[in-house]
Amino acid sequence: MDDTADSGVRSEGSERTTEDLLSADSDDVLNTEGVDRWQATKYISPFVAIGLFDLVLLLGWGLDPLWGFMILPPILFVSALGWIAFRTGFASDRT
C-alpha cells in the first residue's frame, strides 16, 4: 500500500492539522503558526470588555449580585479558550 494514498499524510505545502500537532515532536510544536501573547490578548480584549460591560449593565439595572457571580465565570472561561485558540494557532488553522 502506498503511503501517499493515505488521507492522513499531508504534503509539505499544506496547512497543519490537529492530528499533525498531536503527533508532532516537541520541537515541531514550538514552530506552530500561532500569534504571540500580546496579539492574542488584543484579539480577545474586546470580547472581555463587552462581557464585563454587560455584567455592569445588568448589575446597574438592579439585578441581584449573585447573578453577577453566575455570569462572570462563563465570560472569562470562553475568553480564556479564545485566547488559547489564538495563541496556539488553532483559530488560524480552521479558516
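**Exercise 1.** Let's start with Ser79, which sits in helix α4 of this predicted model. Work out whether Ser79 is buried or exposed, and find what it touches.

*Solution.*
- Step 1: Look up the relative accessibility of Ser79, which is 9%.
- Step 2: Compare that with the cut-off: buried means under 20%. Ser79 is at 9%, so it counts as buried.
- Step 3: Check the polar side-chain atom. A polar atom of the Ser79 side chain lies 2.8 Å from the backbone oxygen of Ile75.
- Step 4: Skip the neighbours within four places in sequence, and you'll find Ser79 in contact with Ile44 and Val48.

**Exercise 2.** Find the one aromatic pair in the structure and classify its geometry.

*Solution.*
- Step 1: The partners are Tyr43 and Phe86, with 5.0 Å from centre to centre.
- Step 2: Now the angle. Stacked needs planes under 30 degrees apart, and edge-to-face needs over 60. Here the planes make 55°, and the pair is tilted.
- Step 3: Place the rings: Tyr43 belongs to helix α3 (residues 37-60) and Phe86 to helix α4 (residues 65-88). They're 43 residues apart, and the pair links distant parts of the chain.
- Step 4: Check accessibility. Tyr43, at 35%, is partly exposed, and Phe86, at 30%, is partly exposed too.

**Exercise 3.** Which helix has the lowest confidence, and which the highest?

*Solution.*
- Step 1: Begin with the whole chain: its mean pLDDT is 76, and 60% of the residues reach 70 or more.
- Step 2: Go by element. Helix α2 (residues 26-30) is lowest, with a mean of 50, while α3 is highest at 92.
- Step 3: Look at residues 1-11, where pLDDT stays under 50. Where pLDDT is low, don't read the predicted coordinates in detail.

Definitions and conventions
Residues are numbered from 1 along each chain as its sequence is written. This is a predicted model: local features need pLDDT of at least 70, side-chain atom pairs count only at pLDDT 80 or more; totals for chains, interfaces and linings use all residues. Side-chain values use heavy atoms; hydrogens and water are left out. Rings of Phe, Tyr and Trp (its six-membered ring) pair if their centres lie within 6.5 Å; planes under 30 degrees apart count as stacked, over 60 as edge-to-face and the rest as tilted. Helices (H or I, at least four residues) and strands (E, at least two) are DSSP runs, numbered from the N terminus. Buried means under 20% relative accessible area, exposed over 50%, partly exposed in between (1.4 Å probe, protein chains only). A polar contact is a pair of N or O atoms within 3.5 Å; within protein, one must be able to donate a hydrogen and the other to accept it, and residues adjacent in sequence count only if both atoms are side-chain atoms. Contact means heavy atoms within 4.5 Å. pLDDT is the predictor's confidence in each residue, from 0 to 100.
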